[in-house]
Amino acid sequence: MEETLEQELQNRFERLKEELLANEIQEFRNDFLEMHYYEQGQFYQSLTTEERMMLYSLLSPKEMADMFDVLEEDNDNMSDYLAEMRPSYAANMLSEMYSDNAVDILNTLDKKQMAMYLSLMEKEVASEIRELLHYEDETAGSIMTTEYVSIVANQTVRSAMYVLKSEANVAETIYYIYVVDAEDHLVGVISLRDLIVNDDDALIADVMSERVRSVHVGDDQEDVAQTFRDYDFLALPVVDYEDHLVGIVTVDDIIDVIDDEATADYSGLAAVNVEEVDENPLKAASRRLPWLIALLFLGMITATMINRYEELVSEASILAVFISLITGTAGNAGTQALAVAVRRIAMPEDKDRRFLWTVISELITGLIIGLITGIVIFALVAVWKHNPILGFVIGIAMMCAITVANLAGTFIPMLMDKLGFDPAVASGPFISTLSDLTSVLIYFNIASLFMQYFMK
């Protein structure tokens, strides 16, 4: 079924392209504008530069803005798309977009380009966008929109509906209508349904809810996303530090935030930008090499450590067989603990309590995993090599290495979070390499205590 729908969309794209190249203006416009904005965007991005130039002459800035509102603002080609358009056309298109989406696109440009487009916009629109551009990245202020509907408490439902109808066309969402006082302080919220079901002559103050949940302009976007998840909101009002209503964050922007944060966490865990899946090999290599080189030097410390115990290995060469087994298992355990810790950091409980509880919990978890794994490897080695003492050494080393790796995989990201750093920076490869170092140290120190039992 999915293949059929995909093929149907592809056929539609081919027909549109034929109409575009044949200059069948009316047919093209009818078929293009009939599509969903997302599909329009997919078609747009499939065109060549020359074909897009033809498209600009057939669509108004408003029609182009509707499509650009759903395009990914972090698209690497965004600045090229704008550069293809006449500056006045691009500025008009940005003016017609929702302000938060226009800001996202402008943030992908350099300051000179940004200033040019702002200078070509109407003063009121440019001023609104400039205000949003001042907010720090990844805060509620940076992802909010100023296209919302607000009313006052002493209005009737009838007059509120009139305001709603007159502003609905430019508002990003009308499911929630926010109530403000004479000084624009947020005092309540009323849903569209409540407006519809209440008597026309009822006062807004009597039917609104005063228990309105809001976020501040400086709140981290992750915290805003957490509020959406907890309360199942479609939109959230954003206030400044004097409780003036300055904008709203809508659920479509929060979905993007959740996706970006998940991608950033996964990229951190893998020490690579997982979004760049289609980049050329040279660029991909340049992105991955810095981490790998840094980890190479950390790995050299492990190699140096093994070299320090060269005499021990030469006297009992059997020890070399189990080095990779212990370091690999400990590294896997550390990476598991890291993934769990990064996930827990995003949870809303009290951070001080969670820090101590998580460290203790993962210490106990590491001991349990290490003990069971140690017992299993003890039995396997004892039977395989007919040497229970060797099995005991491998088992004890495995248990200690896993416990330490589990603790490191939890403690390091939690500590980084408390210090204000991104915990995902404590990436999987880093924890794994660090686990190699500690595992080798643990393994050979334990083995040195039992040398007489398995010397060659």
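Let's start with H244: at 19% relative accessibility, H244 counts as buried, where buried means under 20% relative accessible area, exposed means over 50%, and partly exposed is in between, with a 1.4 Å probe and protein chains only. H244 sits in the loop between β5 (235-239) and β6 (245-250). What does H244 touch, leaving aside its neighbours within four places in sequence? Those contacts are E183, D184, H185, V238 and V239, and a contact here means heavy atoms within 4.5 Å.

Quick word on where this comes from. It's a predicted model, so local features need pLDDT of at least 70 and side-chain atom pairs count only at pLDDT 80 or more, while totals for chains, interfaces and linings use all residues. Numbering runs from 1 along each chain as its sequence is written, and side-chain values use heavy atoms, with hydrogens and water left out.

Okay, the overall picture. The chain has 23 helices and six strands; those are DSSP runs numbered from the N terminus, helices being H or I with at least four residues and strands E with at least two. There are 456 residues, and 43% of them count as buried. If you take contacts with a separation of 6 or more, 67% come from residues 24 or more positions apart. The exposed area is about 24600 Å², with carbon and sulfur atoms supplying 57%; that's Shrake-Rupley with a 1.4 Å probe, and for residues only the protein chains shown count as cover.

Now the buried helices. In α8 (99-106), eight of the eight residues are buried. One of them is I105, which has a relative accessible area of 1%. I105 also pairs up with D69 in an interesting way: they're 36 residues apart in sequence, and their C-alpha atoms are 9.6 Å apart in space.

Next to that in the numbering is α7, residues 87-96, where Y89, A90, A91, M93 and L94 are buried. What covers those buried residues? The cover includes α4 (49-58), α5 (61-68), α6 (78-84), α8 and α9 (111-120).

Both α7 and α8 turn up again in the second largest pocket: along with α5, α10 (123-133) and α16 (251-270), each supplies at least two residues of the lining. The volume is about 880 Å³. The lining has 34 residues, and D69, E96, M97, Y98 and E147 lie nearest the centre. For the method people: on a 1 Å grid over the protein atoms alone, a pocket is an open set of points with protein on both sides within 12 Å along at least five of seven lines, and lining residues have an atom within 4 Å of a point. Points are joined across faces, edges and corners, and the volume is the space filled by probe spheres set on them.

On to charges. A search of the whole structure finds nine salt bridges, meaning a side-chain nitrogen of Lys or Arg within 4 Å of a carboxyl oxygen of Asp or Glu. Take R12 and E39, at 3.5 Å, N to O. R12 lies in α1 and E39 in α3 (residues 37-46), so the pair ties together parts that are 27 residues apart in sequence. R12 is partly exposed at 21%, and E39 is partly exposed too, at 23%. E8 joins R12 and E39 in a network of salt bridges.

K62 and D66 make a local pair, with the closest N and O atoms 2.8 Å apart. Both lie in α5, four residues apart, about one turn of the helix. K62 is partly exposed at 37%, whereas D66 counts as buried at 16%.

Then there's D201 with R158, at 2.6 Å, N to O. That one links distant parts of the chain, D201 in the loop between α13 (192-197) and α14 (204-207) and R158 in α12 (residues 157-167), 43 residues apart. D201 is exposed at 52%, and R158 is partly exposed at 44%.

Last bit, backbone oddities. Most residues other than glycine have a negative phi. N23, in the loop between α1 (2-21) and α2 (25-34), has a positive phi of about 60°. H386 has a positive phi too, near 50°. H386 is in the loop between α21 and α22 (388-418), and is exposed at 70%.

Definitions and conventions. 1 Å grid on protein atoms, 1.4 Å probe; cavity = no way out; pocket = protein on both sides within 12 Å on 5 of 7 lines; lining within 4 Å.
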